[in-house]
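Reader: I would like to go through the ligand site and the empty spaces of this model, with the reason for each label. Please set each value against its cut-off.

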Amino acid sequence: MIQRRPLRPLPYFAELERLLEAEEPAVRSAFGRHVHWGYWPDPARAGTGAGEFERAADALSLELCRLAELDDGQRILDAGCGFGGTLRLIGERHRDMRLTGLNIDRQQLRRASDNQTDAAARIPFVQGDACRLPYSDACFDRILAVECIFHFPDRRAFFREAFRTLASGGRLALSDFVPTALLRPATALIALRPASTGFYGDCDFTYTLEDYRRLADEFGFRVRAEKDITVNTLPTYRFLRTLAGVIRARRLSAVAETLFAEAASRTGLLRYQLLVFEKAG
Ligand SMILES: C[S@@+](CC[C@H](N)C(=O)[O-])C[C@H]1O[C@@H](n2cnc3c(N)ncnc32)[C@H](O)[C@@H]1O
C-alpha cells in the first residue's frame, strides 16, 4: 500500500475557486457547498441540470449520515470538510449537535465559514491534517470523511487518529472510490506518479474492500456498513461533461482522468463505496 504521500495543493480546487469567484452559475450551484460525486437515488431518471446535481450532492452526504446513524446531541467531526456542506445539512436536520469541520486548506475553510446559515450555532472550521488530528482522545461520536480519504497522505494514520479520537461505540463513516483486485495494479501505478500534474492532484485509489476490512480489524473497528453505490454515481459523469467548456486549468488531464474513472466505474472495476466502521464499545 502506498503510504505517507506529501501534501500538495489540489489543482481542481484552484480551478473551482476561480470559477466560484467568477460566479459561474452552474459551478456555484453544483459545487458551492459540496465537492463530491453525488448520489442519484433513481439513476434512470437523472437529469443533467446543475440544480439536479446539487440535490444529488446533498443526497450523498445524507445517505452516508443515514448509514452512520447520526442522532441529536452528538459530537461530529467532518474531516476533509471542503466547503462545509455536509455539516450544514446535519445542523439543519438535528438538534444540539456539536459540529466541527477540519481541512488542510485555509481558503476552503474561509468559504465553509461564509456558507454557514445559522450565525447562532457557528461551526468551528479548523485547519489541520486529518492524519494528525488536533483533538483529545475519545472526544467524538462520529467522524465523517466524505470523498477525501484518497487525498490523505496515509490511510492507516487517519484510521489510527479516528480510532483514538472516537468515543467507545463511535463510528467512522467515509466514502471512497474502491478498485477491484483487477484494477488495483493500474491505480497503484497512477498513484506512483512522480509529481502532481493531473487535474485531481494526488490521489491514491489503491485500497480494495479487503484492504479496508484488514485496516478496520487492525485497529479494532467493526465493519457496520458497506454500501456499493457505483450505479447511483454514474449520472454524475453526464453532468460533468456539461461543465467541460468552463474548465481552463489542465483541461486535457481533467477530461482524461474523468474518462478513466467513468470507464472503470461503468465496467465495474472501480466501485464507489460508503463504509461505516464502529469502535467496539
Ligand atoms: C473531494 S474534496 C471533498 C470535500 C468534502 N468532504 C465534500 O464532500 O464536499 C476532498 C477534500 O479533502 C481535503 N483534504 C485533502 N487532504 C487533506 C488532509 N490531509 N487533511 C484534511 N483534509 C484534506 C481537501 O482539501 C478537500 O477539501
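**Pockets, cavity and ligand**

Author: The model is a predicted one. In the second largest pocket, the lining divides by class into 17 nonpolar, twelve polar and eight charged residues.

Reader: What is the volume of the second largest pocket, and which residues lie nearest its centre?

Author: The volume is about 660 Å³. Of the 37 lining residues, Leu10, Phe13, Asn103, Ile104 and Gln108 lie nearest the centre. α1 gives the largest share of this lining, five residues. At least two residues each come from α1, α4 (85-93), β2 (98-103) and α5 (106-114).

Reader: Why is the ligand said to sit in the second largest pocket?

Author: To sit in a pocket, a molecule must have more than half of its atoms within 2 Å of the grid points of that pocket. The ligand is assigned to the second largest pocket, so it meets that condition there.

Reader: What makes the approach of Gly80 to the ligand a polar contact?

Author: The cut-off is 3.5 Å between N or O atoms. A polar backbone atom of Gly80 is 2.7 Å from a nitrogen atom of the ligand, so the pair counts. For Gln108, a polar side-chain atom lies 2.5 Å from an oxygen atom of the ligand, and therefore this pair counts too. The protein buries 98% of the 590 Å² that the ligand exposes when taken alone.

Reader: Which residues around the ligand come nearest, and how is its shell divided by class?

Author: Val35, His36, Gly80, Asn103 and Gln108 come nearest, out of 22 residues around the ligand. The shell holds twelve nonpolar, eight polar and two charged residues.

Reader: Why is the space lined by Phe83, Gly84 and Arg88, among others, called a cavity?

Author: A cavity is a set of points where a 1.4 Å probe fits but cannot get out, whereas a pocket is open. The space lined by these residues, with Ala112 and Phe125 also among them, is classed as a cavity, which means that the probe cannot get out of it. Its volume is about 40 Å³. The count is one cavity of 30 Å³ or more.

Reader: What is the volume of the largest pocket, and which element gives the largest share of its lining?

Author: The largest pocket holds about 850 Å³ of space. Its lining has 38 residues, with Trp37, Phe199, Tyr200, Ala254 and Thr258 closest to the centre. α11 gives the largest share, ten residues. By class, this lining has 26 nonpolar, five polar and seven charged residues.

Notes
Residues are numbered from 1 along each chain as its sequence is written. This is a predicted model: local features need pLDDT of at least 70, side-chain atom pairs count only at pLDDT 80 or more; totals for chains, interfaces and linings use all residues. Side-chain values use heavy atoms; hydrogens and water are left out. A residue is near a molecule or strand if one of its heavy atoms lies within 4 Å of it. A polar contact is a pair of N or O atoms within 3.5 Å; within protein, one must be able to donate a hydrogen and the other to accept it, and residues adjacent in sequence count only if both atoms are side-chain atoms. Accessible areas come from the Shrake-Rupley method with a 1.4 Å probe; for residues, only the protein chains shown count as cover. On a 1 Å grid over the protein atoms alone, a cavity is a set of points where a 1.4 Å probe fits but cannot get out, and a pocket is an open set with protein on both sides within 12 Å along at least five of seven lines; lining residues have an atom within 4 Å of a point. Ala, Val, Leu, Ile, Met, Phe, Trp, Tyr, Cys and Pro count as nonpolar, Asp, Glu, Lys and Arg as charged, and the others, Gly among them, as polar. Grid points are joined across faces, edges and corners, and a volume is the space filled by probe spheres set on the points. Helices (H or I, at least four residues) and strands (E, at least two) are DSSP runs, numbered from the N terminus.
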